[in-house]
Amino acid sequence: WCCVKSKQLSGIVGRPVTMQCPYPPQHRDNRKFLCKGDHRNNCTDLGTSQSRFTLQDDVSSSSFWVTITELKAGDAATYWCGSDSQWSVGNYTKIQLSVG
């Protein structure tokens, strides 16, 4: 757990919120992912199956952005995002989202 990047975000019900997820430059061709849950090894992969979640990859800055449109109170949770399905240390970000 030494190297987990952790961020705190807050949003307002009914408004959009955007999360930034940096990744190593060598992962630019990897599948990017976002999942929701208290622990990285036990979370629900949101992928792009959720209509309110959009993912935009910005290769030039080695990060991708996930936007949740129309926040709901139930979106308040811990999210994990990254570019390495093996969850290698340093290749993912923990985001704690609060909704008010």
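These are my notebook entries on what I looked up in this structure, which is a predicted model.

**Entry 1: the overall layout**

I began with the secondary structure, and I found 0 helices and 8 strands in the protein. Reading along the sequence, I wrote the pattern down as β-β-β-β-β-β-β-β. I then looked up burial, and of the 100 residues of the protein 37% count as buried. For the surface I noted that the protein exposes about 5700 Å², of which carbon and sulfur atoms supply 47%. I also looked up how far along the chain the contacts reach: among contacts with a separation of 6 or more, 62% are accounted for by residues 24 or more positions apart.

**Entry 2: a sheet of strands**

Which strands form an open sheet, and in what order? I found 3 strands in the order β2-β6-β5, with antiparallel pairing. In this sheet β2 and β5 stand at the edges with a single partner strand each, so one side of each is left without a neighbour in the sheet. From one strand to the next, the twist averages 20°. I reminded myself that strands of a sheet pair through backbone hydrogen bonds, either parallel or antiparallel. Looking at one pair in detail, I noted 6 bridges joining β2 to β6, which run antiparallel. Cys21 takes part in this pairing, and its bridge partner in β6 is Phe64.

**Entry 3: the disulfides**

I came back to Cys21 when I looked for disulfides, and the count came to 2. For my own reference, a disulfide is a covalent bond between the sulfur atoms of two cysteines.

One of them is formed by Cys21 and Cys81, with their sulfur atoms 2.0 Å apart. Because Cys21 lies in strand β2 and Cys81 in strand β7, this pair ties together parts that are 60 residues apart in sequence. The link of Cys21 and Cys81 is left-handed, with -100° about the S-S bond. Are these two cysteines buried or exposed? Both Cys21 and Cys81 are buried.

Another disulfide joins Cys35 to Cys43, with 2.0 Å from S to S. The link of Cys35 and Cys43 is also left-handed, with -55° about the S-S bond. I checked each end separately: Cys35 counts as buried because its relative accessibility is 3%, whereas Cys43, at 23%, counts as partly exposed.

**Entry 4: the nonpolar core**

Next I looked up the largest nonpolar core, which has 15 residues. Which members touch the most other members? They are Leu34, Phe53, Ile68 and Tyr79. The elements that give two or more residues to this core are β2 (17-22), β6 (63-68), β7 (77-82) and β8 (92-99). As background I wrote down that in soluble globular proteins nonpolar side chains tend to be buried together.

I followed Phe53 a little further and listed its contacts, leaving aside neighbours within four places in sequence: they are Leu34, Leu46, Val66, Thr67, Ile68 and Tyr79.

**Entry 5: Thr54 on strand β5**

I then turned to Thr54, which lies in strand β5 (residues 53-58). Thr54 counts as partly exposed because its relative accessibility is 40%. Not counting residues up to four places away in sequence, Thr54 touches Trp65, Val66 and Thr67. I also compared Thr54 with Thr69, and these two are 15 residues apart in sequence and 8.3 Å apart in space, C-alpha to C-alpha.

**Entry 6: two residues with positive phi**

I finished with backbone angles, keeping in mind that most residues other than glycine have a negative phi.

Ser62 lies in the loop between β5 and β6, and its phi is near 50°, a positive value in a residue other than glycine. Ser62 counts as buried because its relative accessibility is 16%, and the cut-off for buried is under 20%.

Glu70 lies in the loop between β6 and β7, and its phi, near 45°, is likewise positive in a residue other than glycine. Glu70 is exposed, because its relative accessible area is 55% and exposed means over 50%. What does Glu70 touch, not counting residues up to four places away in sequence? I found Gly14, Arg15, Pro16, Arg52 and Asp75. For one of these, Pro16, I also noted the spacing: Glu70 and Pro16 are 54 residues apart in sequence, and 5.2 Å apart in space, C-alpha to C-alpha.

Notes
Residues are numbered from 1 along each chain as its sequence is written. This is a predicted model: local features need pLDDT of at least 70, side-chain atom pairs count only at pLDDT 80 or more; totals for chains, interfaces and linings use all residues. Side-chain values use heavy atoms; hydrogens and water are left out. A nonpolar core is a set of buried Ala, Val, Leu, Ile, Met, Phe, Trp, Tyr and Cys residues joined through side-chain atoms within 4.5 Å. Buried means under 20% relative accessible area, exposed over 50%, partly exposed in between (1.4 Å probe, protein chains only). Helices (H or I, at least four residues) and strands (E, at least two) are DSSP runs, numbered from the N terminus. Contact means heavy atoms within 4.5 Å. Accessible areas come from the Shrake-Rupley method with a 1.4 Å probe; for residues, only the protein chains shown count as cover. A disulfide is a pair of cysteine sulfur atoms within 2.5 Å. Two strands pair if DSSP finds at least two bridges between them. Axes are lines fitted to C-alpha atoms, for helices over the stretch in contact, and angles run from 0 to 180 degrees between N-to-C directions.
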